[in-house]
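Hello,

Here is the structure I promised to pass on to you. Have a look at it first, and then read my notes below.

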Amino acid sequence: MSPTTPGTRPEGQHRDPLQMPENHLDMVVTPDSVDPSREASLRTRIIAIVSMPLFFLLAFTLCYVSATHAPVPHDMAVTIAGPAEVTSELTDGIADQAENAFAVTATTSADDARDSVLKRDAVGAVIIDGTNVTTIVASGGSAIAAPVVQQLGQRIATELGGTATVENVAPLPADDPSGTVLFYFLIVCTVGGFLSVTVISQAIPKIRARAMLATSVGAALIVPPLGFSMVSVWVDFEATFGSIAAVIGIGMIYTLTVGLIATLLTLALGQGAVLGEILILIALNFPSAGASVPESMLPPFWQVIHNGWLGSGAFESMRSIMYFDGNQSGHWLAQLLIWTAAAIVLIALVIIVQRRRGAAVHQNDGSIAPTGPERSAEAQAGAAEHALVGTAGIV
Amino acid sequence: MTDSPSSQTAVPVRRSAPVVKIAAAFLLPLFFVIAFPLLFVGAIHKPTPHELSILVVGPDQVVSQIAAGLDGTDEYAATATDVVDDAKSSVEERKVMGSILVSVDTADAAGNAAPAGSAAPADPAAATATASPGSAGAPTYTVTTYVANAEGRAVAATVTAAGEKIAEQLGTTATVEDLAPLAATDTLGVTLFYLLTYTSVGGYLVVIVLMQVMPKARLSTRFGAVTVAAIAAPLVAFGLSSIFVGDYGASFGTIMGLLGVIALYVFTVGSVGILIEQFLGKAATFGIMLFVVFLNFPSAGGAAPAAMLPPFWQFMHEVYFGAGAYEAMRSIVYFGGNGAARWIFQLLAWTFGIVLINVVVYLAKTVRRQKREIAELSRAATGGPELQGQSEADSTGDPASAKHVKVEVYQLYEPDRTEDPHHEPVRALTQSEGETR
């Protein structure tokens, strides 16, 4: 045996510099995994110490602050019901005074206006009956958007010389007056989903894709019921068993999707998966969900993200079920399921590609080479802790 | 600080059973799924006023009853005074969350001096809230509510509601004056809290990454990294957020003060992380999540104002380091620095305390480790079976009674024991120096 201290860099192996082979990031979470006799190279240390915190700072600050710092209505859908000549004049006036703030639909039917809010076609409605104005809001749709509609109704009433009364057709429960608890449930599902995949990929260095898929399924079955139970310690949603079960069901689909995406990223990116997870599942996902700030008050870029991302698909479908008798939940559930299906297809593609590549290497070298998925998973680098502590910053 | 040379003892590489390893790994997501709802959601899901401090200003015979009525509830901690100037100054100086000024004029005193203890409306706008004159001799009340949206929009709304209720009881309406409005680019009042949370990540993530890439880093190295993070993180986070939020309309000095407080906070967070790591080792993530996130963020007063938190979290707010930082930031940006000293002191107490404990713990662990190593090497020097060759610088006396021992152990030969299932490979040379007593 050589009398020198064991080296930290495997000899004779050509490594991808991005894989940082000598660091300890791939074996921290699991017990007894740190070998204190090994230390990372200076380059690895600098890359890790600087890049990780910097990435989180950049991603969170840019995404969350840009989305939520000063919410104002952007094409907020509002229905105005009343005599055609009155609503026409009001619609023009609103368009002139608050350009692009509201997307007004006029109708002569008060019932249609109320239904448009209940069916989530509009954020709110203003019903005009002479000088009496009734403002229809839905705080379940957003506790921030409701006052905006209320102010609009008040201004219309003042203009008509009457008074405005407010009717909340989808109120929030007394235990959740700000309407944020469903969002916290979404956060629990997100972190529980991708963290489970991340830790299992660290605990089993040569983990196979099917083990990660099984973990995703397991997380989907366990995390939402457990998380909702914990939330229920504080909050009574005042909903039926069926509604609660449906919300947990949506949470299961969402958690599964998150787990699948984490699996896909782990297979495809290896050590870089944590950055991809933070970007896709947190930095872009949470601000666009429509929870901290409703879609109608997000900046246009974030409105586009909202209408295509998985988090908003889950959150809006939960919101529909919990507060709007399921109205429009199908649309949002479909948005979520597209992500689920896409993740499954992409995982299959990555596995096929990596197996073929592994087989090609095997033929060329005449030796047994690890297949792509296993090798990529092995390169997972302390992702669990980074992801968790990073996520904590945004909640 | 006495960083001893890190001695490389022969460390066997231990591996847990796969099942235990996997089960232990899942503790991390399980911890989040349980702790986050219980702590974070429990604190802020339903902001309700608890002992919200409010000042009622006006003639004693009028406001004492009003204040007593408010103070008798769990929602408010009300005090009364007849010093009109306190109505504004107490809010601006952050002594109370809001104030309600009740001015009284008697109908027959119109045009004459107000009766003793009464007050004129504090500003012209307040005059519009004057109650309609009643019958001759009946008093006329004017109610002005002073709020500070920078204390939290929910707090301002609660104080406003109290003012409206009092005005209604007095047969008038209240006007509201916001003495510390939020910046136009911070209408929800959340951006300072974002700064706090994101820079926290910069503070403790450095510690965690350092723990992984340099598991044997000296204490000075760790504090050095935390210091760098404390300087860089506020600059990066504020610089990026200013793209959207701007500078709050504040002066250069104000922003520098803000950045200084954040830097102190990040350093404190990093120091807390280092201390937790010293105690918990690889399980430090759990401790950091608990002490820096789950206990710190809800109690800071950003996600929900302190006056609207449950009593336990209000207590945490009064003592915890995140609250010290956040309230100091709020004072600096929105209250001209009023009240900042008290909160900076709270933060500083943590900073010094944690650094001190870190040093003490590190020294204690170092001395203990050195004693253990010396004892092991002394045993080995008397004929331990594991090591084949060894030399001692001081082998003349009894090693146990030596004042100073320097030992170098050389791994010269290790037989091939691959057949031995209990064999634990010796991985490193060992050098150790220290005192025994």
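Ile54(B) sits across from Ala78(B), a residue of β2(B). Please keep in mind that this is a predicted model. The strand β1 of chain B covers residues 52-57, and six bridges link it to β2(B), with the two strands running parallel. As general background, strands in a sheet pair through backbone hydrogen bonds, in either a parallel or an antiparallel way.

How are the strands of the sheet ordered? In chain B, five strands make an open sheet, and their order is β2-β1-β3-β4-β5, with mixed pairing. The edges are taken by β2 (76-81) and β5 (174-178) of chain B; each has a single partner strand, so one side of each has no neighbour in the sheet. From one strand to the next, the twist averages 20 degrees.

A helix also packs on this sheet: α5 of chain B, residues 153-169, touches β1, β2, β3 (98-106), β4 (139-147) and β5 of chain B. The direction of α5 makes about 175 degrees with that of β4(B).

Now for a pair of helices. In chain B, α8 (residues 252-280) and α9 (residues 284-294) pack at an angle of about 140 degrees, and their axes are 9 Å apart. That angle is why α8(B) counts as oblique to α9(B). The crossing of α8(B) past α9(B) is right-handed. Residues in the contact include Val269(B), Ile276(B) and Leu280(B) from α8(B), and Phe286(B), Ile288(B) and Phe291(B) from α9(B). Sorted by class, this contact has nine nonpolar residues, two polar and one charged.

Happy exploring!

Note on methods. Residues are numbered from 1 along each chain as its sequence is written. Chains are lettered from A and ligands numbered from 1 in the order in which they are written. This is a predicted model: local features need pLDDT of at least 70, side-chain atom pairs count only at pLDDT 80 or more; totals for chains, interfaces and linings use all residues. Two strands pair if DSSP finds at least two bridges between them. Helices (H or I, at least four residues) and strands (E, at least two) are DSSP runs, numbered from the N terminus. Axes are lines fitted to C-alpha atoms, for helices over the stretch in contact, and angles run from 0 to 180 degrees between N-to-C directions. Two residues are in contact if their C-beta atoms, placed from the backbone, lie within 7 Å. Angles under 35 degrees count as roughly parallel, over 145 as roughly antiparallel, 65 to 115 as roughly perpendicular and the rest as oblique. A crossing is left-handed if the near helix is turned anticlockwise from the far one by less than a right angle, and right-handed if clockwise. Ala, Val, Leu, Ile, Met, Phe, Trp, Tyr, Cys and Pro count as nonpolar, Asp, Glu, Lys and Arg as charged, and the others, Gly among them, as polar.
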